[in-house]
Amino acid sequence: MIFSRKHPKQAFVYAITKGTYIGELFVYMEKIKNDYMFLSLPEMKVRNVPQDKFDLGLKIGIIDTVERLPRRIYSVCRKQYLKNYNPGLIKTH
């Protein structure tokens, strides 16, 4: 894992290794209130994760840091995230 800086970091990809979203890759987009917002791959869905749950998942190995995406690939993911993002459909925790 990459722990040289605080995570999540914009354009970084995180692998979900256990639980409901096992096998998905989360691309970090932004923080809204106390939730981190991600674009899930390959589902192409917006996922929100409470900050405390993300930190715990990273600490206990449910979430693994994969890599930072190249700028042009992140740009495509960002456009998809903005296209899919609908605050009324996002569950808050």
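In this predicted model, L25 stands opposite L41 of strand 3. The two strands concerned, strand 2 (25-32) and strand 3 (35-41), run antiparallel and are joined by 7 bridges. They belong to an open sheet of 5 strands, arranged in the order 4-3-2-1-5 with antiparallel pairing. Strand 4 and strand 5 form the edges of this sheet, each pairing on one side only. From one strand to the next, the twist averages 40 degrees.

Both helices pack on the sheet, and it is helpful to take them in turn. Helix 1, spanning residues 51-60, touches strand 1 (12-16), strand 2, strand 3, strand 4 and strand 5. The direction of helix 1 makes about 85 degrees with that of strand 4. Helix 2 touches strand 2, strand 3 and strand 4, and the angle between its direction and that of strand 2 is about 65 degrees.

Helix 2 rewards a closer look. It covers residues 71-84, 14 residues in total, and from the first C-alpha to the last it reaches 20 Å, close to the 20 Å expected at 1.5 Å a residue. Y74, C77 and Y81 are buried in this helix. Viewed down the axis of helix 2, the buried residues fall within an arc of 60 degrees, so they line one face of the helix. These buried residues pack against strand 2, strand 3 and strand 4 (45-50). On the face turned away from the buried side, helix 2 carries the exposed residues R72, V76, K79 and K83.

What of the loop that comes between strand 5 (63-68) and helix 2? L69 is found there. This leucine has a relative accessibility of 13%, and it therefore counts as buried, the cut-off being under 20%. Once neighbours within four places in sequence are set aside, L69 is in contact with A11, V13, V27, Y74 and C77. Two of these partners, Y74 and C77, are among the buried residues of helix 2 already described. Another partner, V27, lies 42 residues from L69 in sequence, yet the C-alpha to C-alpha separation of the pair is 8.6 Å.

Taken together, these results describe a sheet in the strand order 4-3-2-1-5, with helix 1 packed on it and helix 2 packed on it as well. The buried L69 sits in the loop between strand 5 and helix 2, where its contacts include V27 and C77.

Technical notes:
Residues are numbered from 1 along each chain as its sequence is written. This is a predicted model: local features need pLDDT of at least 70, side-chain atom pairs count only at pLDDT 80 or more; totals for chains, interfaces and linings use all residues. Side-chain values use heavy atoms; hydrogens and water are left out. Helices (H or I, at least four residues) and strands (E, at least two) are DSSP runs, numbered from the N terminus. The expected span of a helix is 1.5 Å times one less than its number of residues. Buried means under 20% relative accessible area, exposed over 50%, partly exposed in between (1.4 Å probe, protein chains only). The arc is that of the directions from the helix axis to the C-beta atoms. Contact means heavy atoms within 4.5 Å. Two strands pair if DSSP finds at least two bridges between them. Axes are lines fitted to C-alpha atoms, for helices over the stretch in contact, and angles run from 0 to 180 degrees between N-to-C directions.
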